[in-house]
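Me: Please take me through the structure shown below. I shall ask short questions as we go.

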Amino acid sequence: MAISEGGLLTDEIRQEVWPKLLNVNTNDPPPVSEENLRQVSKDYQQVLLDVRRSLRRFPPGMPEKQREGLQEELIDIILLILERNPQLHYYQGYHDIVVTFLLVVGERLTTSLVEKLSTHHLRDFMDPTMDNTKHILNYLMPIIDQVNPELHDFMQSAEVGTIFALSWLITWFGHVLSDFRHVVRLYDFFLACHPLMPIYFAAVIVLYREQEVLDCDCDMASVHHLLSQIPQDLPYETLISRAGDLFVQFPPSELARKAAAQQQAEKTAASTFKDFELASAQQRPDMVLRQRFRGLLRSEERTKDVLTKPRTNRFVKLAVMGLTVALGAAALAVVKSALEWAPKFQLQLFP
């Protein structure tokens with residue numbers, strides 16, 4: 001359901017399924033801390049500032065007292081996860097992910113689910129430096145190059161880089177999409193897939209906007225401005241299906257072999273995902289999807305023009321998308337970026 005058209009449909013279903021996708025036992029009590037984390041946490045002031053700026057992430061019309069109560073819970077959840085996992089470092093935008101879980105599953109489950117997510121799917125973003133995040137961003141251009149070399153070359157000539165997609169990636173699009181329904185639909189998809197699926201989804205957004213990009217002046221400022229303003233009326237189900245197709249056709253390992261330089265795979269979340277996948281291997285949905293893939297995709301000839309080929313029927317689409325789980329252990333070697341990170345970009349990403 002999470003990877004097929006419409007996703008999980010309701011928050012009631014998500015409350016049941018999201019813990020299963022993350023292999024979290026809902027009967028275990030949530031973690032607690034004996035310390036007053038607001039007094040001892042080095043991240044408290046930054047978390048407080050970010051949470052105070054998160055008003056638009058709450059449903060319109062929500063009573064002020066209820067919203068303020070949720071913001072207090074949001075602060076406590078983030079500080080608790082950071083205290084329990086000192087290897088994790090807070091980043092601007094992390095609260096956008098946590099608030100999505102809080103609004104869907106409530107405080108108790110959010111702590112357990114986001115802690116698991118932070119040590120797996122989000123692990124690279126929570127390093128003390130941006131190195132691994134930049135490496136993941138570097139997958140964007142090779143994906144685009146595989147599908148649309150003309151668009152790739154235009155963006156390279158414009159020297160636009162990949163910074164425009166940073167806030168998409170590290171918030172799972174929660175910071176840039178205004179409709180909460182679209183955000184949770186993407187979370188259904190990402191939770192059921194490999195940790196790199198958000199970068200494939202970012203790529204299909206750029207590919208979908210091909211003509212807009214090519215109509216721009218070929219300079220960094222023009223292209224960056226266009227791409228950083230994500231449309232709110234995207235055909236989400238079509239793009240989700242295309243992202244899954246691209247992952248199947250161009251898995252991370254294949255993209256890495258074509259990269260100019262490589263990094264040790266154990267430094268990124270894609271390698272640690274192997275343990276996570278094995279822990280969840282007996283989940284019935286995963287097993288069914290793998291069986292469908294083996295039975296239906298073995299003899300399929302996949303063409304390069306993924307974005308224009310006819311859509312398969314629902315059964316085949318589920319099988320193709322299921323590979324995102326089956327390939328969860330794909331080795332990840334990454335491209336070194338020509339991009340030079342400047343801290344000033346962080347201030348521009350989250351107004």
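**Salt bridges, helices and aromatic rings**

Me: Is Arg-38 buried or exposed?
Reply: Arg-38 is partly exposed, with a relative accessible area of 24%. Buried means under 20% relative accessible area, exposed means over 50%, and partly exposed lies in between (1.4 Å probe, protein chains only).

Me: What kind of model is this, and how are residues numbered?
Reply: It is a predicted model, in which local features need pLDDT of at least 70 and side-chain atom pairs count only at pLDDT 80 or more, while totals for chains, interfaces and linings use all residues. Residues are numbered from 1 along each chain as its sequence is written, and side-chain values use heavy atoms, with hydrogens and water left out.

Me: Back to Arg-38: which residue does its side chain meet at 2.7 Å?
Reply: Glu-72, in a salt bridge with that N to O distance. A salt bridge here is a side-chain nitrogen of Lys or Arg within 4 Å of a carboxyl oxygen of Asp or Glu.

Me: Why does the pair tie together separate parts of the sequence?
Reply: Arg-38 lies in helix H2 (residues 37–40) and Glu-72 in helix H4 (residues 64–84), so the pair links parts that are 34 residues apart in sequence. Helices (H or I, at least four residues) and strands (E, at least two) are DSSP runs, numbered from the N terminus. Glu-72 is partly exposed at 38%.

Me: Which residue meets Arg-38 at 3.0 Å?
Reply: The side chain of Asp-76 does, again in a salt bridge, N to O. Asp-76 is in helix H4 and Arg-38 in helix H2, so this pair ties together parts 38 residues apart in sequence. Asp-76 has a relative accessible area of 34% and is partly exposed.

Me: How many salt bridges are found in the whole structure?
Reply: The search finds 12. Among them, Asp-179 pairs with Arg-181, with 2.6 Å between the closest N and O atoms. Asp-179 is partly exposed at 22%, whereas Arg-181 is exposed at 60%. Asp-11, Arg-14 and Asp-188 are linked in a network of salt bridges.

Me: What does Leu-37 contact, leaving aside neighbours within four places in sequence?
Reply: Leu-79, Leu-80 and Glu-83, where contact means heavy atoms within 4.5 Å. Leu-37 belongs to helix H2 and is buried, at 11%.

Me: Changing topic, how many aromatic pairs are there?
Reply: The count is 15. Rings of Phe, Tyr and Trp (its six-membered ring) pair if their centres lie within 6.5 Å; planes under 30 degrees apart count as stacked, over 60 as edge-to-face and the rest as tilted. Phe-190 and Phe-201 form an edge-to-face pair, 6.1 Å centre to centre with 80° between the planes. Phe-190 is in helix H10 (residues 180–191) and Phe-201 in helix H11 (residues 197–208), 11 residues apart. Both are buried.

Me: Which residues form the aromatic cluster?
Reply: Trp-18, Phe-101, Phe-164, Trp-168, Trp-172, Phe-173, Tyr-187, Phe-189, Phe-190 and Phe-201.

Me: Which residues does UniProt list under "transmembrane region"?
Reply: The unreviewed UniProt entry lists residues 189–208 and 318–339. UniProt positions are given in the numbering used here, feature names are shortened, and annotations may be inferred rather than shown by experiment. In the model, residues 189–208 are 75% helix and 0% strand, with end C-alpha atoms 19 Å apart.
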